[in-house]
Amino acid sequence: MIISDFNSVMNKIRIHIEQSQKNKDKKVYDIDIAKALDISKEHYCRSKKDSKIPLQAIINFCAKENIVINYILFDQLPETLNQITDKIISIKYFKNINTSAGGGAINEKENFEYLGLDKDVVEQLGGKEAIKNIEALNVTGESMEPLIKDGSIIFIDKSKTIPSFRNNDIYVVNTQNGVVVKKVTFLPKYNKLQLLSCNPLFLPELHDCDDVEVLGKVVGTSE
């Protein structure tokens, strides 16, 4: 999975601000980063304390500054920060759908943005053939921690919707209680799907196969 952390992300933003300002020797403080991200100082401090990346603010910042988001979030370094090339491939990003916290199924009627991925991240997600089936959405809640943190962006392959009865692969599933991300195992004897959380504080769930829709397999995450 793709890994990043709060400090490394903010350090990249700090460097970008330093290189963009007229006075190159002027020190960039946390309050300057918060201003650049268009969030309050309090919001920034809470995020720093919780090691939680403010994803929407990062996405807006990258769009405004014309920065390849993969550099900021995924440690994928393009040749220059401000250069968008034909190497960038866009996927749908459903920022208003929060898995693990309810919501609707992912479909063409939902609002989405496009998230640019460079060729290295595309390869990590399965290559150009696989990327056409991949979409991104948010995760809220702690049920999949420490593997998937609250506030992460996950990438799902919508072509992979048949869980194995042997492996506990991670899927996004639309249930009667909303969209959730869980380890999913098919129980053929009972024709049910078992949904497991990584966090032991959350109990397993059993669902009839006809009562849920497997939306896709998780193939990457920003955390």
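Two strands pair if DSSP finds at least two bridges between them. Helices (H or I, at least four residues) and strands (E, at least two) are DSSP runs, numbered from the N terminus. Keep both rules at hand for the tour.

**Before you start.** This is a predicted model: local features need pLDDT of at least 70, side-chain atom pairs count only at pLDDT 80 or more, and totals for chains, interfaces and linings use all residues. Residues are numbered from 1 along each chain as its sequence is written, and side-chain values use heavy atoms, with hydrogens and water left out.

**Whole chain.** Show the protein chain as a cartoon. Seven helices and nine strands make it up. Now colour by burial. Buried means under 20% relative accessible area, exposed over 50%, and partly exposed in between (1.4 Å probe, protein chains only). Of the 223 residues, 45% count as buried. Next, consider contacts, meaning heavy atoms within 4.5 Å. Among those between residues at least 6 apart in sequence, 57% join residues at least 24 apart.

**Strand β9.** Select residues 213–221, which form β9. Add β4, residues 153–157. The two strands run antiparallel and are joined by four bridges. Click I156: opposite stands V218 in β9. Now add β5, residues 169–175. β5 also pairs with β9 in the antiparallel sense, over four bridges. Here V173 has V214 of β9 as its bridge partner.

**From β5 to β6 and β7.** Stay on β5 and select β6, residues 178–187. A hairpin of two residues links β5 to β6. Their antiparallel pairing runs over seven bridges. Pick I170 and find its bridge partner in β6, K183. Is β6 mostly covered or mostly open? Mostly covered: seven of its 10 residues are buried.

Move on to β7, residues 192–196. β6 and β7 are antiparallel, with five bridges between them. F186 has L193 of β7 as its bridge partner. Four residues lie between the strands in this hairpin. Select N191 there; its phi is positive, near 55°.

**The nonpolar cores.** A nonpolar core is a set of buried Ala, Val, Leu, Ile, Met, Phe, Trp, Tyr and Cys residues joined through side-chain atoms within 4.5 Å. The largest one has 37 residues. Select M10, I13, L37, I58, L117 and F155, the residues with the most contacts inside it. Which helix gives the largest share of this core? Helix α4, residues 55–65, with six residues. Domain 1 (6–85) and domain 2 (87–222) both contribute residues, so the core lies between them. Those domain bounds come from an automatic or database domain assignment. A second, separate core holds 13 residues, including L137, I154, I156 and V181. You met I156 earlier, opposite V218.

**Helix α4 and beyond.** Zoom in on α4. Its buried residues are L55, A57, I58, I59, F61 and C62. Step past the helix to N66, where phi is positive, near 60°. Continue to helix α5, residues 69–74, and select F74. F74 counts as buried because its relative accessibility is 3%. Then draw a distance to S8. The C-alpha atoms of F74 and S8 are separated by 9.8 Å, with their positions 66 residues apart along the chain.

**Last stop.** Show the side chains of K27 and Y29. The charged end of K27 sits over the ring of Y29, 5.8 Å from its centre. The rule here asks for NZ of Lys or CZ of Arg within 6 Å of the ring centre and within 35 degrees of the ring normal.
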